[in-house]
Amino acid sequence: MKMGPQVQEKLRYLFRGKGRCFARPEVHSPRARDGNDSPSDTNDTDTDYVTASEGQGYESDEFDRLLTRLQSLEAEEHPVMNADPPDAASKHWSAECEVQDWLKVRGPNYLRDRRKQAPAPAVMECVKVDVFSFDDGPCANVANARPESWLNRQRAARTDASASGRDEPWTFVFQFMNPGPPHVSIALYFRPAGRHAGRSLRELLDAEEESPFGRALARFVRGDRKERDARFKMVIALMEAPWALRQTVPRRPVILGKKFALSYHEGDDYFAIDLDLSSSKFAERVYRSLKWCSKHSVEEIVLMIEPHEDDELPEAVLVAARLSKVGDETPRRLPPLTMTALRGGGGG
């Protein structure tokens, strides 16, 4: 029985076990037996695990029944997305990261004592990665400009959004624009997680108004280009990579606006940042010479808003995601936009 990425995500919540494969569960919860239990954001679970490493197989009538039910719900809830062609990028990314094992962020008194500490979990979680290629040139603001993007497909699937009375969930988008031809776009999509799940930017800022992270985020999104360029920070950790790439990409924070040309795009339901790799001639030369390494590497990407004031400390991880072995065969090749599509536009 084949599981799509969204079905797997629901099962990850139902049968939670970090570092373990899905295995034959023994369900004791009456709610779970009824098939009406919904995924929980807590670590509490009504399911006992018997892992594959203990010699147990994957055969289970209960497991198959829940899987079938989830697949039918997926088809009902996301008919537009299910009609899409197979997504080759789905196996090349993950929201599961080991950031707390290797990253240090600025502590509460960093501006005085320069001390760092382990980070709290990321405020937003990765929900999708699009990998596209274009023969006619790079595509700025790909999340909003292309109808094939995950964000535009989500918009198309929300048939009752206008009647709900709620703001749309906020999506933060970060795009790597790699030089071509073909010009490869890697767009990572993030949405508020945990207690903030489903919130719009306005709702998120209201909830975090008095927190250090909330103050930093508000000043960033409301700031001008100079303010944003001076704050937006990335750290890349190569978990697996050829030696040549390891020598070129150190595991240390970089203020991206000091090294590359960043462009910012925003609308009612999203905020996007494009990193144009070709804006740095040195980075472009490195990319072209070491492009082959990408198919053999696994990296974790962390994005943060650097605190510049005491009331923005301690530093928070905005988003984190893992990319895995993205090769030349991974991108979905997209044709040039027609004038009709250009006039259509998205939500921003």
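This is a guided tour of the structure, stop by stop, with a selection to make at each one. Keep in mind that the model is predicted.

**Stop 1: helix α8**

Start by selecting residues 150–157, which make up helix α8. This helix is mostly covered, with 7 of its 8 residues buried. The buried set is Trp 150, Leu 151, Asn 152, Arg 153, Gln 154, Arg 155 and Ala 157.

Now show the side chain of Asn 152. Is Asn 152 buried or exposed? Its relative accessibility is 11%, and because buried means under 20%, Asn 152 counts as buried. Two polar partners are worth displaying here. The side chains of Asn 152 and Arg 155 are joined by a polar contact of 2.7 Å. In addition, a polar atom of the Asn 152 side chain lies 3.1 Å from the backbone oxygen of Asn 144.

**Stop 2: strand β6 and its partners**

Next, select residues 124–134, strand β6. Of its 11 residues, 9 are buried, so β6 is largely enclosed by the rest of the structure.

Add residues 183–192 to the selection: this is strand β8, which runs antiparallel to β6 and is joined to it by 10 bridges. To find your place in this pairing, pick Met 124, which stands opposite Pro 192 in β8.

Then add residues 332–334, strand β15, which pairs with β6 in the parallel sense over 3 bridges. Here Ser 133 has Arg 333 of β15 as its bridge partner.

**Stop 3: an open sheet**

Move on to a sheet of 5 strands. In what order do the strands of this open sheet come? The order is β3-β14-β13-β9-β10, with antiparallel pairing. At the edges are β3 (93–94) and β10 (254–255), each of which pairs on one side only.

For a look at one edge, select residues 232–240, strand β9, together with β10: these two pair in the antiparallel sense over 2 bridges. Lys 233 has Ile 255 in β10 as its bridge partner.

**Stop 4: helix α14, a helix with two sides**

Select residues 281–290, helix α14, and colour Ala 283, Glu 284, Val 286, Tyr 287 and Leu 290, which are buried. These residues cover an arc of only 165° around the axis, which puts them on the same side of α14. Behind such patterns is a simple rule: an α-helix has 3.6 residues a turn, so residues three or four places apart point the same way.

Give Lys 281, Phe 282 and Arg 285 a second colour; they are exposed, on the other side of α14. What do the buried residues of α14 pack against? Show β7 (171–178) and α13 (243–248), and you have their packing partners.

**Stop 5: the second largest pocket**

Stay with α14, as it gives the most to the lining of the second largest pocket, with 5 residues. This pocket has a volume of about 1,200 Å³. It is lined by 37 residues, and the closest to its centre are Ile 236, Leu 245, Val 249, Leu 277 and Tyr 287. To see the elements that give two or more residues to the lining, show β7, β8, β9, α13, α14 and β13 (298–305).

**Stop 6: the largest cavity and a cis proline**

There are 2 cavities of 30 Å³ or more, and the largest has a volume of about 50 Å³. Select its lining: Phe 213, Ala 216, Ile 305, Pro 307, Glu 312, Pro 314, Glu 315 and Ala 316.

Pause at Pro 314, in the loop between β13 and β14 (317–324). The peptide bond to it from Leu 313 is cis, with omega near 5°. For another cis bond, go to Gly 180 and Pro 181, where omega is near 0°. Pro 181 is found in the loop between β7 and β8.

**Stop 7: two residues with positive phi**

Most residues other than glycine have a negative phi, and most peptide bonds are trans. Finish with two residues that have a positive phi.

- Arg 114 has a phi of about 60°. Look for it in the loop between α6 (110–113) and β5 (116–117), where Arg 114 is exposed with a relative accessible area of 53%.
- Lys 325 has a phi of about 50°. It lies in the loop between β14 and β15, and Lys 325 is partly exposed, with a relative accessible area of 38%.

Key: Residues numbered from 1 in each chain as written. Predicted model: local features only at pLDDT ≥ 70, side-chain atom pairs only at ≥ 80, totals over all residues. Heavy atoms only, no water. Helix = DSSP H or I, 4+ residues; strand = E, 2+ residues; numbered from the N terminus. Buried < 20%, exposed > 50% of the residue type's maximum accessible area, 1.4 Å probe, protein only. Polar contact = N/O pair within 3.5 Å; in protein donor to acceptor, adjacent residues only side chain to side chain. Pairing = 2+ DSSP bridges. Arc of directions from axis to C-beta. Contact = heavy atoms within 4.5 Å. 1 Å grid on protein atoms, 1.4 Å probe; cavity = no way out; pocket = protein on both sides within 12 Å on 5 of 7 lines; lining within 4 Å. Points joined across faces, edges and corners; volume = space filled by probe spheres on them.
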